[in-house]
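Colleague: Please take a close look at the largest pocket in this model. Which residues line the largest pocket, and which helix gives the most to the lining?

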Amino acid sequence: MEAIAQLIAAEMTPAELKNNAAAASAGYAYGLAAIGPGIGIGYLVGKSVEAMARQPEAAGMVRTTMFLGIAFTEALALIGFVVFILLKFA
Amino acid sequence: MNEKLSPLALASAGQAPEVTVSRDIIRRGLIIAPLIMVIAGVIWGLTGAWSAGLGLALVLMNFGLAAALISWAAPISLALMMGVTLFGFLLRLGLISLAVFLVRDVSWVSLPALGITIIVTHLGLLFWEMRFIAASLAFPGLRPNAQEYPSSSAAETP
């Protein structure tokens, strides 16, 4: 591992190293930030479908709450995306 | 009595509350758009103002598309609604990414202004809407406008 680090350090300038690290971090930020909301939205919609199947008369209320829940969960992905564009392009 | 119900056959017909909610959010977003552009313009200059406008447009498009997809799928099948919601999430994230990638090198775009506007307006409009939704769900008799916030609709099997 140390040999690889030395090899990379020998081949690249500090600016290039910094750019590479920023690109990798940006990719991780976007990817990880999309996974969590994906799981959250899946769980949220699954439970909402279950609720609508059990109690059809409350479907309107459940859908309203579900829509807001999706939007709030999606905010996490948007934050990750914004971190990504700021790290990568700004 | 023991008739089996398939989740694929269940559907949620009736009014589409998400369309009402998103229309409300879009209306409020358009109302505050000039204010947001002015604030961004003061902080980041003219590029910030244009970027804030673009960011707000992306957020409103995101809300509208989400509501349209759900309201299209829910009357067909709840299972389809689940699939559409999940893949809609990917689709909308992809569309926002594409829009930002296309304008990242354009001279009139400030990426920090664009990013911050996306987060702030998305959360701000949601919390603004939440005030009315929470009140109408918790106290249906005290809802601000009974026609505007339907709290229930019939679900049926086609």
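Modeller: Helix 1 of chain B gives the most to the lining of the largest pocket, with 6 residues. This is a predicted model. Helix 1 spans 17–44, and helix 4 of chain B, 111–138, also supplies at least two residues of that lining. The residues that line the pocket are B:Ile32, B:Ile36, B:Ile39, B:Ala40, B:Ile43, B:Trp44, B:Ala52, B:Ile116, B:Thr117, B:Val120, B:Thr121 and B:Gly124. By class, 9 of them are nonpolar and 3 are polar, with no charged residues in the lining. The volume of the pocket is about 180 Å³.

Helix 1 of chain B also holds B:Arg28. B:Arg28 has a relative accessible area of 7% and is therefore buried, the cut-off being under 20%. Its side chain makes a polar contact of 2.4 Å with the side chain of B:Glu129. The charged end of B:Arg28 also sits over the ring of B:Trp128, at 5.2 Å from the ring centre.

Turning to enclosed space, the whole structure has 3 cavities of 30 Å³ or more. The second largest cavity holds about 50 Å³. Its lining draws on both chains: A:Phe67, A:Ile70, A:Ala71 and A:Glu74 from chain A, and B:Asn62, B:Phe63, B:Ala66, B:Arg92 and B:His122 from chain B. Helix 3 of chain A (59–88) and helix 2 of chain B (46–73) each supply at least two of these residues, and helix 3 of chain A gives the most, with 4. The lining divides into 5 nonpolar, 2 polar and 2 charged residues.

Helix 3 of chain A also carries A:Phe81 and A:Phe84, 3 residues apart, about one turn of the helix. There are 5 aromatic pairs over all chains. A:Phe81 and A:Phe84 form a tilted aromatic pair, with 6.4 Å centre to centre and 35° between the planes. A:Phe81 is buried at a relative accessible area of 1%, and A:Phe84 counts as buried at 10%. The rings of A:Phe84 and B:Phe101 have centres 6.1 Å apart and planes at 80°, so this pair is edge-to-face. Because A:Phe84 lies in helix 3 of chain A and B:Phe101 in helix 3 of chain B (residues 78–103), the pair joins two chains. B:Phe101 is partly exposed, with a relative accessible area of 29%. Ring pairs link A:Tyr30, A:Phe81, A:Phe84 and B:Phe101 into a cluster.

Key:
Residues numbered from 1 in each chain as written. Chains lettered and ligands numbered in written order. Predicted model: local features only at pLDDT ≥ 70, side-chain atom pairs only at ≥ 80, totals over all residues. Heavy atoms only, no water. 1 Å grid on protein atoms, 1.4 Å probe; cavity = no way out; pocket = protein on both sides within 12 Å on 5 of 7 lines; lining within 4 Å. Points joined across faces, edges and corners; volume = space filled by probe spheres on them. Nonpolar A, V, L, I, M, F, W, Y, C, P; charged D, E, K, R; others polar. Buried < 20%, exposed > 50% of the residue type's maximum accessible area, 1.4 Å probe, protein only. Polar contact = N/O pair within 3.5 Å; in protein donor to acceptor, adjacent residues only side chain to side chain. Phe/Tyr/Trp six-rings, centres within 6.5 Å; stacked < 30°, edge-to-face > 60°. Lys NZ or Arg CZ within 6 Å of the ring centre and 35° of its normal.
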